[in-house]
Amino acid sequence: GSPSGFFGVMAERLCESHFVPLPSQTNVYNYTSFELEDGGRKVLVGSLQGKVTCFDYQCQRPIATDVAFSYIPTDAEIVAIDAFVRPPNGVLVGITLIIQEEMSRIQFLNVYGSHTDPRESFDWTRLVEDFQPCALDFLPYHLTHAELKGETVFLLSGGDKRVHLYRLFPEDQLNVFREDRMLKHFFPELCDSDLNSCIMKLDIHEIDGVRMTAFGCQDGLVCLSKVDLATNCVLQRWHSTQLDGPITSLKLFEERVNFSPCLETGLAELTKGDQFIAPLAGKQSELHLVVGCAIELAAVYNKVTTMGLHSPSPLPLSDQYDSVLTVTAADVNWNNRNEVLVGTYGQKILIYESRECDPGSSDVCQNYVLSATFEFPYPVYVVDYIDLTGDGMKELVVTSLCGIHVLQHDLDLAKRHCRKRLQLLDKGFAVT
């Protein structure tokens, strides 16, 4: 089946252009994307029966291929996948898997690409054979990556209620990729020994000299930390009231997309009475945290760098379509503000727009209104907003239970938007 389409204000803006079926079901951890130096972006999706699908566009044509990564037995279950680029052309891919044996099971983190020279052109054939297995003595959950003093590292949450750090050790002369047990020296905010359950989701965002780290747990706890980047000292910690169900997803996001104030002013003049609404010029972008829960309403915690977890705004009706499985933020309306997107097991994507409270009010929160609903034939696991086709316009990439969906903006609407930007150039505004 195919999605029925956006309703309301989003109806003209996005439509499904391609669907790629997966060899077997996937999960909420089995998606990643990366962009090479030449601008080509690729999506990797793992399926539970040990297969990895690469999806990208070549000459504007969609291409889906099965990537045969080494040492993934046919009976292995892929739990999570993540990847990042080692400039200019190197890629590191991490895949966690569980192998069920007769009387026991074993877990691994396989890292691919650590020995490949990043100066050489990207080649799948070399990458899939260049692997290092890291045996795990815990059940793997969320695999992600983060910047650490000029290098990029993998962070893996486990069933042992801990976060594990894996990094490259070039000083070994063998480019060994292994666990660094000095996590507290690099990410002290992740060394919380008082957790009563495992971490389901983790996100890190750097802004204005601080690192904001958020994670959600299986018992419904949300934790947020503020770390000084210069000293790596934890400045503040917040813990939420425990929610009634597991935290399935969370995302730190800035309220506004990077945009020049003079362009905002010009765009506001050009689009009076139109659906393109520019934010107020000169206003600093705030950092918010959107959290999805398996049972309760999803919510946005506002202005978290100063308010922590004290200012939640519930997302109306987000609990009406079974469990929330994924949340993210993206400017799908092209109004220079990030909208909040919620994907549910009930086969819906919900789009929320923010409405600022009355400036005269003492309330620091923002209200979020449901502006559009999008329906799918399968539960929605991951929602991402990236330029996959390489045409300069982002697409909505959705991973559902059984496949990858790509939704593209209406080209006539895109041309209209482009003309408005060109008008700004004619008027002397600096477009960035």
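These are my notebook entries on a predicted model, going from its cores to its sheets and cavities.

**Entry 1: the nonpolar cores**

I began with the inside of the protein. In soluble globular proteins, nonpolar side chains tend to be buried together. I looked up the largest nonpolar core and found 22 residues in it. Leu44, Phe69, Val93, Ile95 and Trp124 have the most contacts inside this core. Next I asked which elements give two or more residues to it. They are strands S4 (52-58), S6 (76-86), S7 (90-100) and S8 (105-112), along with helix H1 (124-129). S7 gives the most, with five residues.

I then picked Phe69 and listed what it touches, leaving out residues up to four places away in sequence. My list reads Val52, Val93, Ile95, Tyr112, Trp124 and Val128. Apart from this core there is another one, of 19 residues, and Leu14, Ile351, Leu396 and Leu413 are among them.

**Entry 2: an open sheet**

How are the strands ordered in the open sheet of four? I read the order as S1-S28-S27-S26, and the pairing is antiparallel. Strand S1 (14-21) and strand S26 (380-386) are the edges, since each pairs on one side only. From one strand to the next, the twist averages 20 degrees.

I followed one pair in detail. S1 joins strand S28 (residues 403-409) in the antiparallel sense, over seven bridges. If you want a spot to click on, try Val20, which stands opposite Ile404 in S28.

**Entry 3: strand S9 and its two faces**

Strand S9 (residues 131-136) was a nice one to look at, with side chains that alternate. Gln132, Cys134 and Leu136 point to one face and are buried. Phe131, Pro133 and Ala135 point to the other face and are not buried. I had to check the cut-off here: buried means under 20% relative accessible area.

S9 also has a partner in S8, and the two pair in the antiparallel sense over six bridges. In this pair, Val111 stands opposite Gln132.

**Entry 4: empty space inside**

Last, I looked for gaps. Rolling a probe the size of a water molecule over the atoms shows where empty space is left. How many cavities of 30 Å³ or more are there? The count comes to three, and the largest has a volume of about 60 Å³.

I noted its lining too: Asn89, Gly90, Val91, Gly113, Thr116, Asp117, Glu120, Ser121, Phe122, Asp123, Arg126 and Leu127. S7 and H1 are the elements that give two or more residues to this lining. I had met both names in Entry 1, where S7 and H1 also give residues to the largest core.

Notes. Residues are numbered from 1 along each chain as its sequence is written. This is a predicted model: local features need pLDDT of at least 70, side-chain atom pairs count only at pLDDT 80 or more; totals for chains, interfaces and linings use all residues. Side-chain values use heavy atoms; hydrogens and water are left out. A nonpolar core is a set of buried Ala, Val, Leu, Ile, Met, Phe, Trp, Tyr and Cys residues joined through side-chain atoms within 4.5 Å. Buried means under 20% relative accessible area, exposed over 50%, partly exposed in between (1.4 Å probe, protein chains only). Contact means heavy atoms within 4.5 Å. Two strands pair if DSSP finds at least two bridges between them. Axes are lines fitted to C-alpha atoms, for helices over the stretch in contact, and angles run from 0 to 180 degrees between N-to-C directions. On a 1 Å grid over the protein atoms alone, a cavity is a set of points where a 1.4 Å probe fits but cannot get out, and a pocket is an open set with protein on both sides within 12 Å along at least five of seven lines; lining residues have an atom within 4 Å of a point. Grid points are joined across faces, edges and corners, and a volume is the space filled by probe spheres set on the points.
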